[in-house]
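Me: Please take a close look at one part of this model and follow it through. Give me the cut-offs as you go.

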Amino acid sequence: MAYSDKYLLVKKAAKINLDVDSGYAEFLKLAKENGIAKKRLEYYTNAYEAAGDSGLRALSYRKRMSEEVRESVLEKISEYLYNKVSPQHRSKIGFLVKAQYNRITIAEKRPLFGDSSRTSCSEFCQMRYTDFDNRWHLYWKRKTGKWWPYVPKNTVYTINDCLREIDENGWGCFWG
């Protein structure tokens, strides 16, 4: 499907009220008529609802961010994560931050329940940078292991906006 066709389809899908049975049926019908799986249309629609055209384009955008942007963002994230854990738990709970292409992925590292000699590491958020509009996009990890566009309570443009949304965790996607 060409991007322009996908964009128009998603704009139409985003207008459907899924809180009523007739809206859900309309959404399913739209997906079927356009030969797209319901989950795929949901994925695209979430990205569009999160950030419009930029959110939709961010799904497949993979251009490496500049070193300047990467360093600045990693510094802000490190400070945020350091302040997230109380001093008495810093020796037990940590975070791994991975920057790759235009993506920054954060994982929490903590002792395994029942066996503190071992640790577990769980990725819980990803932020993607689109340099065509200097915007950040926030994703959460579904139980399927797939990164999913996060539809924020407040508009997200900057890395600070992403961190605010993670902290507020309005939908319960990040901190449980």
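Reply: Y3, Y7 and Y48 form one aromatic cluster. The model is a predicted one: local features need pLDDT of at least 70, side-chain atom pairs count only at pLDDT 80 or more, and totals for chains, interfaces and linings use all residues. Residues are numbered from 1 along each chain as its sequence is written, and side-chain values use heavy atoms, with hydrogens and water left out.

The structure holds 8 aromatic pairs. Rings of Phe, Tyr and Trp (its six-membered ring) pair if their centres lie within 6.5 Å; planes under 30 degrees apart are stacked, over 60 edge-to-face, the rest tilted. Y7 and Y48 form one such pair, edge-to-face, at 5.8 Å centre to centre and 75° between the planes. It links distant parts of the chain: Y7 sits in helix α1 (residues 3–14), Y48 in helix α3, 41 residues apart. Helices (H or I, at least four residues) and strands (E, at least two) are DSSP runs, numbered from the N terminus.

How exposed are the two rings' residues? Y48 has a relative accessible area of 18%, so it is buried. Y7 counts as partly exposed because its value is 23%. The cut-offs are under 20% for buried, over 50% for exposed, and partly exposed in between (1.4 Å probe, protein chains only).

Now follow α3, the helix that holds Y48. It has a kink of about 135°, centred on A51. The bend at a residue is the angle between axes fitted to the seven residues ending there and the seven starting there. The span of α3 falls short as well: the helix has 21 residues, but its end C-alpha atoms are only 20 Å apart, against the 30 Å that a straight helix would reach at 1.5 Å a residue. That expected span is 1.5 Å times one less than the number of residues.

Helix α3 also borders open space. Around the largest pocket, α3 gives the most to the lining, with 4 residues. The elements giving two or more residues there are α3 (38–58) and β5 (147–149). Of the 16 lining residues, E42, N46, E49, W148 and V151 lie nearest the centre. The pocket holds about 330 Å³. Its lining divides into 11 nonpolar, 2 polar and 3 charged residues. Nonpolar covers Ala, Val, Leu, Ile, Met, Phe, Trp, Tyr, Cys and Pro; charged covers Asp, Glu, Lys and Arg; the others, Gly among them, are polar.

On a 1 Å grid over the protein atoms alone, a pocket is an open set of points with protein on both sides within 12 Å along at least five of seven lines; in a cavity a 1.4 Å probe fits but cannot get out; lining residues have an atom within 4 Å of a point. Points are joined across faces, edges and corners, and a volume is the space filled by probe spheres set on them.

Closed space comes next. There are 2 cavities of 30 Å³ or more. The largest has a volume of about 50 Å³. Its lining includes A51, the kink centre, along with A50, W136 and L138. There β4 supplies the largest share, 4 residues. The split is 7 nonpolar, 1 polar and 1 charged.

The second largest cavity holds about 40 Å³. Among its lining residues are A47, A50, G55 and Y139. Here α3 and β4 each supply at least two residues. The lining has 6 nonpolar, 2 polar and no charged residues.
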